[in-house]
Amino acid sequence: MFVSKNLTVNENGNLAIGGVDTVELAQQYGTPLYVMDEQLIRKNCRSFKKSIDKYYDGNGLVCYASKTFSCLEMCRIIKNEGIGLDVVSIGELYTALKAGFDCSKIGFHGNNKTNQELEYAVDNKVGHIIVDNIEELYRLDKIAGEKNVIADIMFRIKPGIDAHTHDFVKTGQIDSKFGFALETGEAFEAVKLAIQLENVNLLGLHCHIGSQIFDIAPFEEAANVMLGFIAKIKKELDFEVKELNLGGGFGIMYTEKDTPSPYDTYMKNVSAVVHKKCEELGINLPFILIEPGRSIAGPAGITLYTVGARKEIPNIRTYVSIDGGMCDNPRYALYKSEYDALVANKASQEKTDIVTIAGKCCESGDLIGENMPLQYAESGDIIAVCATGAYNYSMSSNYNRIPKPAVVFVNEGESRIGVKRETLDDIIRNDI
Ligand code: LLP
């Protein structure tokens, strides 16, 4: 009935998440409200960890992509699950450090890291830095040299794979701002250079072909290409690449139209390709890393809103306006991403209406979705938008000077604040 398995209808006919009544959550904490189900986050971490342990004989690491959803409490949960972290800015790294994350399990990404970020990563002994370009390689070598340390690095490689997903979230093809191209020989030259440089240690290679991908084939293809490259490096440079990070990108179910493969199937199939290819090429099996983000946090989250106005435009459409919008969820405005929604206080009723859910920002494109099936929604009703745990809070803004919503974690019938709601004073806190 629901796209996320952690949602139920309780005895009051209300939507419940993690055993907590969403209408009560809305009353207690106000709306808009992000709600994250801790048990589901943990379950998702565990299932990836279990698969990687199973298919690579314990020779791998799952790193949660913290750009998906990060705050101190999320980093604590991830840390507690014993998996690693992918950070992409000094802010994400700072959050992880403040949560007491083990630095050796952190990988630092980004296509344009600043010197401040590189120095901060080196000073804090981040496990490895994923170098994106030659210019960055030289800068990092210099920074590490000045600090008398050797920085462990990986290279971000564009394997030349076209993943079938939205253009804005594709990253594996040659026309991408991320990483070194294989086809042009750029990646090979970078490896040659890194081997010669004194203050960096090339640990491994990384690729990430995109996000919200359902097919397993592009992941298999990427693994093949990357291992082929590792074999070439071994043969031509007599250098062993010890680690291979295959990125994230596993699709989740936002609506009934989405059909993700079970993640264990992905892990199994890709590992079969990895094992076979290593054998064929006569290379050692590298240590394997993966970086799921959306598939860990996405299904665990919902957003609760209060309905304000209902506007029926005869023969055109019905707008149901909510007290949030593109400021807390810009994904429809950016990618036309579809969501499943329901009236939380009418969760047991049929969805008899077709509506457009509109936000409160001064922009016509500020929608959560169009032509969405919904129970009849009136002013004062609570709307729940499902599977908003990924790239909603993390991409939220203060557009129209709207304070950001609170994040509440629920866990087996209990709720607690993870991030406080912004106040009006927060809105002007840096204004002079
Ligand atoms: N690793 C790297 C290097 C990445 O760039 C990303 C996501 C991930 C891992 C995690 O991918 P995931 O498992 O979450 O698909 N804002 C967009 C998604 C951007 C993805 C950015 N990179 C959205 O809302 O759909």
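**Two domains and a ligand: a short tour**

Let's start with one pair. Glu338 and Lys257 form a salt bridge, with their closest N and O atoms 2.8 Å apart. Keep in mind that this is a predicted model.

Now, where does that pair sit? The protein is divided into domain 1, residues 7-37 + 300-428, and domain 2, residues 109-292. Glu338 falls in domain 1 and Lys257 in domain 2. How many salt bridges does the rule find across the interface of these domains? One. The rule also finds two residue pairs in polar contact across that interface, both at pLDDT 80 or more. On the domain 1 side, the residues touching domain 2 are five nonpolar, no polar and three charged.

Next, the interface as a whole. The centres of domain 1 and domain 2, taken over C-alpha atoms, are separated by 36 Å. Eight residues from domain 1 and nine residues from domain 2 make the contact. About 720 Å² is buried between the two domains. Carbon and sulfur atoms give 57% of that area. Which residues of domain 1 lose the most area to domain 2? Tyr335, Glu338 and Ala387. Together they account for 59% of what that side buries. So note Glu338 on two counts: it is one of those three residues, and it forms the salt bridge with Lys257.

On to the ligand. There are 20 residues around it, and Ser211, Glu291, Arg294, Arg331 and Tyr391 come nearest. By class, that shell divides into six nonpolar, eight polar and six charged residues. Which domains supply the shell? Domain 1 and domain 2 each give at least three residues.

Let's take individual atoms. Glu291 puts a polar side-chain atom 2.6 Å from a nitrogen atom of the ligand. Arg331 has a polar side-chain atom 2.5 Å from a ligand oxygen atom. Gly293 uses its backbone instead: an N or O atom there lies 2.9 Å from an oxygen atom of the ligand. And how much of the ligand does the protein bury? Taken alone, the ligand exposes 580 Å², and the protein buries 90% of that.

To recap: one salt bridge across the domain interface, and a ligand shell that draws on both domains. Thanks, everyone.

Conventions:
Residues numbered from 1 in each chain as written. Predicted model: local features only at pLDDT ≥ 70, side-chain atom pairs only at ≥ 80, totals over all residues. Heavy atoms only, no water. Near = heavy atom within 4 Å. Polar contact = N/O pair within 3.5 Å; in protein donor to acceptor, adjacent residues only side chain to side chain. Areas by Shrake-Rupley, 256 points an atom, 1.4 Å probe, with all protein chains shown as cover. Nonpolar A, V, L, I, M, F, W, Y, C, P; charged D, E, K, R; others polar. Domains from an automatic or database assignment. Contact = heavy atoms within 4.5 Å. Buried area = accessible area lost by both parts, 1.4 Å probe. Salt bridge = Lys/Arg side-chain N within 4 Å of Asp/Glu carboxyl O.
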